[in-house]
Each structure stands twice: as structure tokens, then as C-alpha cells.
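Trainee: Hi! Could you walk me through this protein while I have it open on my screen?

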Amino acid sequence: MGRKENPIVSSNRELVALAQWLRDQRSASGHSYAQLAVLAGCHATTLQRAASARAVPSARSVRAYARACGASEKKAMELWLRARRRDVRTPGGGSPDPLGIDGVEALRAGLRRLYELAGRPPVREMEERAGTGRLPHSTAHRIVGGRTVPRDIHQLAGFLTACSVAAAEHPLWIDAWRRALGRVAPSPPAPRTAGAVGPVVRGGVAVAVAGPGVGYGPAGGVACDRPEPVPVPVPVPEPLGASAGLRLALLGPVRAWRGEEVLATGSPQQRALLAALLLREGRTATAAELIDALWGPEPPSQALAALRTYASRLRKVLDPGVLVSESGGYAIRGLGEGALDLARAQDLGAEAEKARGTGDLARARALLNEALDLWDGEPLAGVPGPYAETQRVRLEEWRLGLLESRLDMDLEQGCHAEAVSELTALTAAHPLRERLRELLMLALYRSGRQAEALAVYADTRRLLAEELGVDPRSGLRELQQRILRADPALHEPGPPRPAEHAEVRVRPAQLPVCVADFTGRTEVTARLVGLLSAAGRTDMPVAALWGTGGAGKSALAVRVGQAVRRFFPDGQLYVDLRQEEPAGALGAALRALGVAGRDVPDGLAERSALYRSVLDGRRVLVVADHARDAAQVRWLLPAFAGCGVLVTSRRRMLDLAGARLVELDAMSPQEALALFTRIVGERRVTAEREAARYVVAACGFLPLAVRAAACRLAARPAWTVTTLAGRLADESGRLAELEAGDLAVRPVFEHCYTALDGEQARAFRLLSGSADPFLSVPAAAGLLGCGPQRAEDTLEGLVDAGLLIPMGPAHYQVHVLARLFALSLPAP
């Protein structure tokens, strides 16, 4: 077996376990150290030392040893981490004590010792462990060489992570770093731009330290009349090792952790794939969409193969079942609550909006500070691709919006003097952002610096004229005039209303229950979610979902509404326009929004005006289901850009201004079969898959028809799928077979048909009698006995009525079930 093994002797029990495990793996492989050296690509002496237990070996040598033996690298690294931690904590083991560091030289020596205890990993490996952008390998090289120390807390945290220092010890090292650089005086440091300085551990108690002149009250609010800083206990952030759950970060470098273990997220392109999937919030992204996101319009020739490789690598890194393949694409699902920093920030922002709406400014400000503290530099740092660039801009714009809201609340609470310095820095960084300049003018004026406030306006006016050739917006001009007039209303506002005495807004949640076995529709769902989630960043989004009856528009609208709820924290309204006219729907909506019944006006126009007034400043989603035409919907449109509207109709809402039309047609064969299988059961369908395919095809892949057929079969255990297929083969009785309780196909087509005028009804019957279900305009003109232009107008009218399906320029299709319905009607 080659070199003779020395006995294992060490006081570090975990190191003994590692060495014994390595030796056992070599014995099981049957290799000598010389053979292992060839397989591992390193010297045999290095491998023998790794299993000697004389000192904790490097992570690199342990990985190479396990790989050469064909053993689990994950198991090897688990043992190595235990051995390294035990070595750090062993008394007399030479591990540095951060509490004893009192100068730069002591800090340099301590960091060097941490590097040695980590097994002297290569600096490029340290850069990868630390996370993108946190610790460049050149900086790591200078730190371990004793030539420099980390320049900021983030770089220090990256170094500690790269040296496998437990997260629970990070605050002690951060305190040591501050002491060494003279950044901690007897009085606490000034607050950061985004909020209070993070928790510092003192004697086992975590405290958040506010800057001079800013004290934190018991309710979490700001009290600006305290001259001395006051430390207040705050929850200590959960150490990385406190939970074995998966956590991911996008608000900075793209990183991942499992417990205290930093996961390798791979190359920049692989991180771009991870970011693209996380930003879709569980929705499936097709391969084509991901390729476009990673490489743009000119992808490499092997882009699809590379995409699959990246996905395979990520699947090995993440928890089982998190990265799923679906419909030729990928999605990330099943993350725990708070596992993604972006989702946590969105939840905190929504909670802050609600707290502000109830008058609890102190809590709203604390929540916004907590959300802003989740940012760790530039979002998606170092991630390439056009999609990442677009999302970086969006996330930065959102961060600035949160910051403006928090600063606005600072001024409402009378903290104008403290806000001046922060606003001055922000306006310098974002000189064209007028809202920041408006807040700075107000803060200066309330601080008794009227001349400087007017100078800010003059500078803004000059800058906008030179850069853009425009004048300041009306709000800024009005504020300047009010300052010139010394408007008393501009002076410091009174104390905020206590939350317990604030007027509580009613938050409606009227969306129906989602269909439990909803299947497919991933692409159209993603498109609708993308449209509606833009609420507040652009003009008010209005999505008009249209398609033939039975296509599942209502079920999809409810599902999308539930998916975008967090973007509309003030509630969701659901209106069924098949049951109520606009006047009745507005009355119900007003009462749901908290308006007393006696205050609801009688006239339609008055109700609509009050409805818009009540929704002003609220972020509410309105789902208008079964709309007959655009005229019904216009009365229900809010005026506030933070709201969103989702309309479903069998007609194309061509005349609904600003609406984005989204068509919903029949399912794909795969989706229809999946829906049928979910209702009937996998066992019955697997046994008769060909018959099941015939059934969904006989249903024209229409969700309502597939559901009705599946429910009939599920309710009849004695039937086989072949039995149902045989009954559907008779076209004259097929529509009668597609009924199950209130699930019925015929009423859908009857409703569409009765809405036609005489000429359209005749045309529908004639076109449905054609032997070819696919019709061109010339063929339709021949059947109808009219010119091409009139035939095309008739065809488009039938499309709007939901009885024809457009198949491209000048081509149409009669749905198989619509044709059967037409054949049951009297001859034209």
C-alpha cells in the first residue's frame, strides 16, 4: 500500500475523525499515495500530511484527497470544517482573540492567523468563497501578506467568510476592526445612509447605535430632541449556522448559503441564470427567454447547451426540488419564508406602506430602514447580460423610492436637521432627481436656512435647463414660492398621530379561491404578472385578457391576482360584470373600501368619481371579470398609478385606452392532458394514455371541456378512459357529453351566439359548415358571397364575439366545439 502511515495523535477530536476518514477512503480505494497523487494532481507528501492529523490541512488538499479516492467531497468538507472550528476554539491552540486587538498591527497579525488556520487557501479561492465583488484576490493577497487591512465592513466580512470564520464571530471581528482603525470612540458612530448602524455585540447583548442627535424611542420611532446617543437592544441577526435552510441574495452580489456554508454560485453566466430565475418569483422561464436574458440578441451557437449545463450545476448546489424543469424551461420554487433578500425587502416595504396609511409613522420608518439595510452594494453586482442590467436599474430605482419615502417621514416627524446631510449627499449622487431636491429644500427651510433652500432651487433650475432644456416640475416651483412667502404651513409639522387613534383603512381581499388543480398557462401568467407588477413605476397598468368562452380566463385572472397581491398591499377588488352593471359594481366596491352605504351617491358618474377619490394614494388591484365591452370597464378604472386593473372578456378590448391585450386560446395538447390527468388520476390515464389523448383532442383542448369530461369520468369509477372516448366520438352528442353539474360547454357558445346580429349569425353558421375548419379571407368571401373586405370585417366581428380564432394574417379557425354547436342550429 506504499508509504507507511504514522499513528494518529491529536487533542483535536474532530481532526482525528477527519484523518481517520481520509485513511479509510484510501484503504477502500486500494490506491497508494503515489497513485492518489496522480489522480489528485498534487504531491503525494501533501496528501499524506492531510491524513496525518498533525495540523488542520488545507481545504484544497482535503478536496483533492476525497476526489482521488472517489469519495464524497461534501462529506470531506463537513469533517474539515468541524476540525478547523475545533482547532480555532481549542485553548492554547494559537487562535487569535479579537477582543485583544487594539491596533492595526495586532489586526494584521490576527487576520494572518485566521488565514493560516483556514489552511492557507489560494487567494482566488478566497475571492470565490467571499462572494462576487466583496474580496478581490489582489486585496486578499495584500491582507494575508500583512500589507493592508480590509477597507470596509463588507470586505472584512468577505475575508472572514473566505477563512471559514463562523458568522456568530463576525461582530467581534468587526468591533476589533473599528477599534484598530480608530473608528470607534467612546460615543457611538453616526448612522449610515440607509439607517442605523448594524448591531454590535457587547457583553453578549446586541445594541443598535444611533448617531449624534438621533435617539430611538421604545416604539421604534425617531425622537430628535435627545442630545446623547442611546443604545437600544435589538434582535441579533440569526447567525448563518442557526438554520440549515437555503438563503439567497440579490440585493448585492448574487450569493447563496446553506446554514453557515457559503455555496459556490459558479461563473458570472451561471449567477446570471440564478438571478433571472429568482427574479421571476417562481414563474417558469422558457429556454429562449433565459438565453435572451443571459446573452441578448446575439447568443453563442452553443447557448442552449451552456444553459443546460449551468442549470445542472445549480441544481447540485441548491436544495433538492428547488430548481425544477417545466415545459422546456426552468423555475425556482419552494424557498422558505425570508429565504430571498429581495422578497423580504418587498414584504417590509408593503408593511411600511400599510403602517404609514394608518398613521404609524414610527413603525413605517423602522420597517423601511430594515428593508434598506438588506442592500449590500449594487444589486446583481457582477452579473452580466441585458436582463440583469435592466433589473439593476429597476432595483436601484426602487431603493431610491424607499429612501425618499423614509426621508419624507423623517421630515414629517420633525427630523429636518438630521436629514440635511443625507439629502445633500443624495442630491449630489442623483442631481436630476427632483423629489430629493424638494425634500432638501424643505429640510433646509425648516432648519432656518431659507437662503440655502432657495439656492437649491436655483441650482436645480439651472441644471435642468442645461441638461434637459426643461423647467422644474410644478411641485418644486410651488415650494419655492411658498418659501418666498414664508408660508406658515411649511414650518415643522405637529406630532404624528398615534397608531391607536389613526383612522384604519378597510383593506378588501375579494379575490375568489384559486382552482386547486390549475395547470399550465406559464407563459401568459408570467406576462400578466410582469404587466401588473409594474404598478407605481409607470402609468397604471391595465391588462385585458380575452379569448373564447371556456378558455379559463376567470381561473387565470384569479391565479394572477393572487400572485401579484404583494404589489397591492391596500387590497384587491373583484367585480363580476356578468352579474352586475357598473353602477351596482361601483356601489359594492365603495362599500368594500369602507364608504358607508348612506354616503354612496346614486348617479353612475358620481359613484365613479368617489371611487377614484377613495382609491387615490392606495395600491389596489381591480379584477373586472366577464366584461361585456370597454364601456363597462371605463367606470371602474382608478386614476392612481399605484393601482392595477385586470379585465377578462370574450371580446378584444380594442377601444379600452391604455390596455395591454393578452390573448388566451386553447391549451396545448400537453397542458390539456396534464389537466385531465390531475382530475382523473395518474393511474387511470397511464393505463390508457392514447385514449386520454383522444379525449382531450375531442374537447378541442378547451379547459372547460377537458374539465367537464374529466369530472364525468372521475365520478364514474366503472368507466374506462376508452369508454369516455367512445362516447365523445359521436359528434352529434358530444356537447351533451361535455356537461358535469354547472360545467357545460353548450351554454358558453349559446351566450356568444345570441349576442350576434342577424348577418353575423348567418355568417357563423355558413362558415362552420365548411369542410375545412381553417379559413382564409378569400375562402370566407366565397362562402358568404361577398367581397374580401366585407368578409374580413365579418370574420373580425366573429373573433371579437369569441366564436372564431385568429390564426395569423387573413386566416381564421372555427373551434371544433363551436363548429359542432353551429351544426346543431337550424340551417341558414
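Mentor: Happy to, and we will go from the whole chain to a few chosen spots. Keep in mind that this is a predicted model.

Trainee: Okay, how many helices and strands are there in the protein?

Mentor: The protein has 36 helices and 21 strands.

Trainee: And what share of the 828 residues is buried?

Mentor: Buried residues account for 50% of the 828. The accessible surface comes to about 37,400 Å², and carbon and sulfur atoms hold 53% of that surface.

Trainee: What about contacts along the chain?

Mentor: Take the contacts between residues at least 6 apart in sequence: 65% of them join residues at least 24 apart.

Trainee: Let's zoom in on a helix. Which residues of α32 are buried?

Mentor: Helix α32 covers residues 746–754, and V748, F749, C752 and Y753 are buried there. These four span an arc of only 130 degrees around the axis, which puts them on the same side of α32.

Trainee: Why would residues a few places apart point the same way?

Mentor: An α-helix has 3.6 residues a turn, so residues three or four places apart point the same way.

Trainee: Nice. What does the buried side of α32 pack against?

Mentor: The buried residues of α32 pack against three helices and a strand: α29 (703–714), α33 (758–768), α36 (816–823) and β18 (743–744).

Trainee: And which exposed residues sit on the face turned away from it?

Mentor: Those are H751 and T754.

Trainee: I see some rings around there too. How many aromatic pairs does the count come to?

Mentor: The count comes to five aromatic pairs. One of them is Y33 with Y65, which is edge-to-face, with 6.1 Å centre to centre and 80 degrees between the planes. This pair links distant parts of the chain, as Y33 is in helix α2 (residues 33–40) and Y65 is in helix α4 (residues 59–69), 32 residues apart.

Trainee: Are those two tyrosines buried or exposed?

Mentor: Y33 counts as buried because its relative accessibility is 1%, under the 20% cut-off. Y65 is buried as well, at 0%.

Trainee: Back to α32, then. What kind of pair do Y753 and F764 make?

Mentor: The ring centres of Y753 and F764 are 6.0 Å apart and the planes are at 50 degrees, so the pair is tilted. Y753 lies in helix α32 and F764 in helix α33, so the pair ties together parts that are eleven residues apart in sequence. Y753 is buried with a relative accessible area of 16%, and F764 is buried at 0%.

Trainee: Which residues do ring pairs link into a cluster?

Mentor: F749, Y753, F764 and F821 are linked that way.

Trainee: New topic! What is going on with the backbone at R521?

Mentor: R521 has a phi near 65 degrees, a positive value in a residue other than glycine. Most residues other than glycine have a negative phi.

Trainee: Where does R521 lie?

Mentor: R521 lies in the loop between α20 (474–484) and α21 (522–532). R521 is buried, with a relative accessible area of 8%. Its contacts include A551, L556, D665 and E671. R521 and G552 are 31 residues apart in sequence, with their C-alpha atoms 9.7 Å apart in space.

Trainee: And what about L380?

Mentor: L380 also has a positive phi, of about 55 degrees, although it is not a glycine. L380 is placed in the loop between α15 (361–372) and α16 (386–412), and it counts as buried at 1% relative accessibility.

Trainee: Can we look at a strand residue? Where is V542?

Mentor: V542 is in strand β12 (residues 542–546), and it is buried with a relative accessible area of 6%. V542 touches several residues further along, among them L637, V645 and L656.

Trainee: Last one: which residues form a nonpolar patch on the surface?

Mentor: L432, L468 and V470 form one, with about 260 Å² of accessible area together. L432 is in the loop between α17 (416–429) and α18 (434–446), and it is partly exposed at 41% relative accessible area.

Trainee: Thanks, that gives me plenty to look for!

Technical notes
Residues numbered from 1 in each chain as written. Predicted model: local features only at pLDDT ≥ 70, side-chain atom pairs only at ≥ 80, totals over all residues. Heavy atoms only, no water. Helix = DSSP H or I, 4+ residues; strand = E, 2+ residues; numbered from the N terminus. Buried < 20%, exposed > 50% of the residue type's maximum accessible area, 1.4 Å probe, protein only. Contact = heavy atoms within 4.5 Å. Patch = residues over 30% accessible without salt bridge, like charges linked within 9 Å, V, L, I, M, F, W, Y side chains within 5 Å. Areas by Shrake-Rupley, 256 points an atom, 1.4 Å probe, with all protein chains shown as cover. Salt bridge = Lys/Arg side-chain N within 4 Å of Asp/Glu carboxyl O. Arc of directions from axis to C-beta. Phe/Tyr/Trp six-rings, centres within 6.5 Å; stacked < 30°, edge-to-face > 60°.
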